[in-house]
Amino acid sequence: MNRSGDEKVSLVDLGRERPQVPATARNMSPIVPRASISGRALVAVVAIMTFLASLTTGTVLLVSASAAEWQSEVSSEITIQVRPSPGRDLDRDAQAAAEAMRAQSGILEVRPFSKEESAKLLEPWLGSGLSIEELPVPRVIVARVQPGTTLDLAALRARVTQVAPTASVDDHRAWIERMRSMTGATVFAGVGILILVIIATIISVSFATRGAMASNRPIVEVLHFVGAGDSYIANRFLRHFLRLGLEGGLIGGGAAMLAFGFSESIANWFSGTPVGDQFAALLGTFSLRPSGYLVLAMQAVLIAAITAWASRRTLFATLDDID
């Protein structure tokens, strides 16, 4: 339909003419929109998941490191308790037990606790100003073992009880076993949380990929039917979701690293206070080692890779439906 003059027309027949579009303009519109509501939502989801996963991993690393330090310190010490008994001199028995420990090979240091030190140990439970003269409070002796030395605990007990019949020798083995069980349970719980986070991330990415496919289905179908290979289309989605995953992982992982760094500063501020001492006893210095931050960075990259892998797998399943 042709008309002359300056009249407005609703239809224009260009015949064999074709609009001249620069080659660079043909690729300006990607298959998957780079800035969309669903894309921003996916970045937020990946950031939240990465943040939670990083917090879990960091806490597990802190607990594991603190437990290893506790076990190393406790396993290097042996505690002897000399209980009072009628007809026996408690001070003499404590001195005899200390001398028997000093004579044992592999013992680096033996430190008997005085009456005042024993009373100070009981202050958290019985209060200050305690007089232990009328209480059957045992004397405590702490012996430090040379690293790498294996003592014959049965022979050591026999030697100590020979000079101090009311003495008991504890190498804290039962406590160390309980600590190992608690650490293993903490690591197991952390791994379980990480698995749940990864599953939630895969589900979120799968829904986001299906949403992107639904909004761009006509374009994908045209590309598919004109001969574009599945790998070509999948690579476009892979790059898109890998970029979103890296962006979300960077935000979530960076926020977690800042949280651990800030918590270390807070722990230093409260150092010396009862609350700070309790946290230090539980989690050490509450600071991650450089290797811990490296683990968090690698975990963020792993979550981004899982995001891209989940989108690619979902895409191929969708393309099979189109076929």
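Here are some numbered points on the predicted model above, written as a note between colleagues.

1. **Overall layout.** Let me start with the broad picture. The protein has 10 helices and four strands, and along the sequence these follow the pattern α-β-α-β-α-α-β-α-β-α-α-α-α-α. Of its 323 residues, 34% are buried. The accessible surface comes to about 20000 Å², and carbon and sulfur atoms account for 61% of that area. If you count contacts with a separation of 6 or more, 84% of them are between residues 24 or more positions apart.

2. **The largest nonpolar core.** In soluble globular proteins, nonpolar side chains tend to be buried together. Here, the largest nonpolar core holds 20 residues, and the members that touch the most others are Ile-80, Met-101, Leu-156 and Val-160. At least two residues of this core come from each of β1, α2, β2 (107–112), β3, α5 (153–163) and β4 (167–170). Helix α2 gives the most, with five residues.

3. **Leu-156 up close.** This is a good residue to click on when you look at that core, as Leu-156 is among the members with the most partners there. Setting aside neighbours within four places in sequence, Leu-156 is in contact with Ile-78, Met-101, Gln-104, Leu-151 and Val-169. Please also look for a second, separate core of 19 residues, which includes Val-46, Ala-53, Ile-233 and Leu-244.

4. **Strands β1 and β4.** These two strands pair in the antiparallel sense, over four bridges. One pairing to check by eye is Thr-79, whose bridge partner in β4 is Asp-170. In a regular strand the side chains alternate between the two faces of the sheet. Strand β4 has Ala-167 and Val-169 on its covered face, with Ser-168 and Asp-170 on the uncovered one.

5. **A salt bridge between strands.** A search of the whole structure finds six salt bridges. Side chains of opposite charge can pair when their charged atoms come close. In one of the six, Arg-144 meets Glu-77, with the closest N and O atoms 2.8 Å apart. Arg-144 sits in strand β3 (residues 139–145) and Glu-77 in strand β1 (residues 77–82), so this pair ties together parts that are 67 residues apart in sequence. Both partners are partly exposed: Arg-144 has a relative accessible area of 34%, and Glu-77 one of 24%.

6. **A salt bridge within α2.** Where do the side chains of Glu-99 and Arg-102 meet? They form a salt bridge at 3.2 Å, N to O, and the two residues belong to helix α2 (residues 90–102). Because Glu-99 and Arg-102 are three residues apart in that helix, they are separated by about one helical turn. Glu-99 is partly exposed at 40% relative accessible area, and Arg-102 counts as partly exposed at 41%. Helix α2 is also the element that gives five residues to the largest core.

7. **A salt bridge within α6.** Arg-180 and Glu-177 form a salt bridge, their closest N and O atoms being 3.2 Å apart. Both lie in helix α6 (residues 173–215), three residues apart, or about one turn of the helix. Arg-180 is partly exposed, with a relative accessible area of 47%, and Glu-177 is partly exposed at 40%.

8. **Buried and exposed positions on α6.** Is Thr-183 buried or exposed? Thr-183, which is found in helix α6, counts as buried because its relative accessibility is 11%, and the cut-off for buried is under 20%. Leaving out residues up to four places away in sequence, Thr-183 touches Ser-64, Ala-67 and Gln-71. Val-187 is also found in helix α6, but this residue is partly exposed, at 32% relative accessibility.

9. **A nonpolar surface patch.** Val-187 leads on to my last point. Together with Val-191, Ile-195, Leu-196, Ile-199, Ile-203 and Phe-207, Val-187 makes a nonpolar surface patch of about 650 Å². I would enjoy hearing what you make of this patch when you have the model open.

Conventions: Residues numbered from 1 in each chain as written. Predicted model: local features only at pLDDT ≥ 70, side-chain atom pairs only at ≥ 80, totals over all residues. Heavy atoms only, no water. Salt bridge = Lys/Arg side-chain N within 4 Å of Asp/Glu carboxyl O. Buried < 20%, exposed > 50% of the residue type's maximum accessible area, 1.4 Å probe, protein only. Core = buried A, V, L, I, M, F, W, Y, C linked by side-chain atoms within 4.5 Å. Contact = heavy atoms within 4.5 Å. Patch = residues over 30% accessible without salt bridge, like charges linked within 9 Å, V, L, I, M, F, W, Y side chains within 5 Å. Areas by Shrake-Rupley, 256 points an atom, 1.4 Å probe, with all protein chains shown as cover. Pairing = 2+ DSSP bridges.
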